[in-house]
Amino acid sequence: MAEKLEDLNLPLTVVTRIVKEALPEGVSISKEARTGLAKAASVFVLYVTSAATNIVKNNKRKALTGQDVLEAMKDIEFDRFVEPLSDALENYKQALSAKKSGAGKKKEDTEDTEMIEED
């Protein structure tokens, strides 16, 4: 658990990068606005986490999953974000699966190469 309230804030550099990518070209953002957005984003993450934790507890489980986050988004009436988040979660799972299978393939290729070299 966090020792200080500030420990719960998202990193300002990460929030700044996200905001700069979202802003149209030629528009800048003040430090005060970046700080405010970082705090608001942190509060939102905590709010969604709390809602998802309630879902987990109600289902008598211990692990919070991506599906719990999607359900929490519906519960807190952020339904319009559920589909894009669901797509992003699916893309993440596919990328993770591809990465794992790629790592497994590399290991197999290495083992095959070692066996060939031994012959």
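Here is a short briefing on the chain shown above, from its overall fold to a few charged residues. The model is predicted. Its chain holds four helices and zero strands, and its elements run α-α-α-α from the N terminus on. Two arginines, Arg61 and Arg34, get a closer look below: Arg61 takes part in a salt bridge, while Arg34 has none.

**The chain as a whole**
- Of the 119 residues in the chain, 15% are buried.
- The chain exposes about 9,900 Å², and carbon and sulfur atoms supply 56% of that area.
- Take the contacts between residues at least 6 apart in sequence: 30% of them join residues at least 24 apart.

**The salt bridge**
- Side chains of opposite charge can pair when their charged atoms come close.
- The count of salt bridges here comes to one.
- It joins the side chains of Arg61 and Asp68, with 2.5 Å from N to O.
- Asp68 is buried, at a relative accessible area of 4%.
- Arg61 counts as partly exposed, because its relative accessibility is 33% and the partly exposed class lies between 20% and 50%.

**Arg34, a buried charge without a partner**
- You will find Arg34 in helix 2, which covers residues 31-58.
- Arg34 is buried yet has no salt bridge.
- The nearest side chain of opposite charge to Arg34 is that of Glu32, 11 Å away, whereas a salt bridge needs the nitrogen and oxygen within 4 Å.
- Apart from its neighbours within four places in sequence, Arg34 is in contact with Leu12, Val15, Thr16 and Ile29.

Technical notes
Residues are numbered from 1 along each chain as its sequence is written. This is a predicted model: local features need pLDDT of at least 70, side-chain atom pairs count only at pLDDT 80 or more; totals for chains, interfaces and linings use all residues. Side-chain values use heavy atoms; hydrogens and water are left out. Helices (H or I, at least four residues) and strands (E, at least two) are DSSP runs, numbered from the N terminus. Buried means under 20% relative accessible area, exposed over 50%, partly exposed in between (1.4 Å probe, protein chains only). Contact means heavy atoms within 4.5 Å. Accessible areas come from the Shrake-Rupley method with a 1.4 Å probe; for residues, only the protein chains shown count as cover. Lys and Arg count as positive and Asp and Glu as negative; His and the chain ends are not counted.
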